[in-house]
Amino acid sequence: MPSDLSINRPDKPVSTETAVRPDSTTRPSTHAKHSHDDAPDAAAAFARLAELEDGPERDAVRDELVTVWLPMAHRIAGRFRDRGESVEDLRQVAAMGLVKAVDRYDPSRGAFESYAVPTITGEVKRHFRDRMWALRVPRRVQELRNKVRLARRDLTLNPGAPEPTVAAIAAHTGLTEDEVGAGMEAMDSFSTLSLDAELASADDNYSLADTLGDLDSSYELVVDREAAREGLRRLPERERAILYMRFFEDMTQTRIADVLGISQMHVSRLISRSCARVRDEAMGGQQPRAGRPDTDGRADTDGRTRAA
């Protein structure tokens, strides 16, 4: 059954008929004067939409309301042009906000326009906040950016006005200078640059990637040294001396054997055993096994005698 929407478009005179609910007494409807030509008088249709249950008839009324108010959504979207987003995309976002406004509007709370305008505007602003940043930026920083941007615009309205200082922006907005600094950094961070982008002030094709630091391998060396420090301290004095001569004085095993008066094979065995012990302690935190001191150059930690 076709619905009598009773929607007066801008090119028709505004109706002063009474909106009647079947289950209520008749009372004259008070319509506020619309400030724009794209704000039709749709009070009767909204009243009917509130009465209908979910179904095809309600969907038809809802679609008609969205259609007649769509020019207002497009007008609101036009306020945000030239901000890096196409007008067509902005209109689609505004239309989504309009649909939400139609679905959530309560006719008893006042004129639809007073509810729809902030709803649609908020939807467009959320689009910029959540979709237009190349990197995810906390909402607090985005709000600081907007406050700083508006303050700079206000402080430079007069012709010949100098660029406002951080202190001036802070005084104008009530923010701290640190907050103003964060907002100004965010203003320059709305979009990203490729790491291959050449720096304007650099010669010889110096790119942004060339300014980034590399991982310092010395950090791992520091960690390894600290991990091995305690294990080296627990070694017998002669084994520590052998490791020092081999790895710090770069002496050959044969030379070390001549200095200590033992065989080169035994030097090799002591080096291997000492390194394994230090490594085990560094990796697993194990204490070295107690053994008989290797005083003659022939005994191992477990007391077994080996030939030199």
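Q: Is phenylalanine 112 buried or exposed, and how does one judge this?
A: In this predicted model, the judgement rests on relative accessible area, and a residue under 20% is called buried. Phenylalanine 112 has a relative accessibility of 5%, so it counts as buried. Tryptophan 69 is also buried, because its relative accessibility is 1%.

Q: How many aromatic pairs does the structure hold, and how are tryptophan 69 and phenylalanine 112 arranged?
A: Two rings are taken as a pair if their centres lie within 6.5 Å, and planes over 60 degrees apart make the pair edge-to-face. The count comes to six aromatic pairs. One of them joins tryptophan 69 to phenylalanine 112, with 4.8 Å from centre to centre and 65 degrees between the planes, which is edge-to-face. Tryptophan 69 belongs to helix H2 (residues 56–78) and phenylalanine 112 to helix H4 (residues 112–131), so the pair ties together parts that are 43 residues apart in sequence.

Q: Which residues form one aromatic cluster?
A: Phe46, Trp69, Tyr105, Phe112 and Tyr115 form one such cluster. Leaving aside residues up to four places away in sequence, phenylalanine 46 touches Leu65, Trp69, Val102, Tyr105, Pro107 and Phe112.

Q: Which residues of the largest nonpolar core touch the most other members, and which helices supply it?
A: A nonpolar core is read as a set of buried residues joined through side-chain atoms. The largest one has 29 residues, and those touching the most other members are Phe46, Leu65, Trp69, Leu98, Val102, Phe112 and Ile120. At least two residues come from each of helix H1 (43–51), H2, helix H3 (87–104) and H4. H2 gives the largest share of this core, nine residues. There is also a second, separate core of 13 residues, with Leu243, Met251, Ala257 and Ile271 among them.

Q: What does the secondary structure of the whole protein come to?
A: The protein has eleven helices and zero strands. Buried residues make up 29% of its 308 residues. Its accessible surface is about 20700 Å², and 50% of that belongs to carbon and sulfur atoms. Of the contacts between residues at least 6 apart in sequence, 54% join residues at least 24 apart.

Q: Which residues of helix H9 are buried, and where do they lie around its axis?
A: An α-helix has 3.6 residues a turn, so residues three or four places apart point the same way. In helix H9 (residues 237–247), the buried residues are Glu239, Ile242, Leu243 and Met245. Seen down the axis of H9, they fall within an arc of 165 degrees, so they line one face of the helix. Their cover includes helix H8 (218–234), helix H10 (253–260) and helix H11 (264–284).

Q: Where is alanine 228 placed, and how far is it from arginine 277 in space?
A: Alanine 228 is in helix H8, and it counts as buried because its relative accessibility is 18%. Alanine 228 and arginine 277 are 49 residues apart in sequence, while their C-alpha atoms are 9.9 Å apart in space.

Q: What is the phi of aspartate 250, and how should its sign be read?
A: Most residues other than glycine have a negative phi. The phi of aspartate 250 is near 55 degrees, a positive value in a residue other than glycine. Aspartate 250 is placed in the loop between H9 and H10. Aspartate 250 is exposed, with a relative accessible area of 62%.

Q: Which residue lies over the face of phenylalanine 247?
A: Arginine 246 lies over this face, at 5.9 Å from the ring centre.

How values were computed. Residues numbered from 1 in each chain as written. Predicted model: local features only at pLDDT ≥ 70, side-chain atom pairs only at ≥ 80, totals over all residues. Heavy atoms only, no water. Phe/Tyr/Trp six-rings, centres within 6.5 Å; stacked < 30°, edge-to-face > 60°. Helix = DSSP H or I, 4+ residues; strand = E, 2+ residues; numbered from the N terminus. Buried < 20%, exposed > 50% of the residue type's maximum accessible area, 1.4 Å probe, protein only. Lys NZ or Arg CZ within 6 Å of the ring centre and 35° of its normal. Contact = heavy atoms within 4.5 Å. Areas by Shrake-Rupley, 256 points an atom, 1.4 Å probe, with all protein chains shown as cover. Arc of directions from axis to C-beta. Core = buried A, V, L, I, M, F, W, Y, C linked by side-chain atoms within 4.5 Å.
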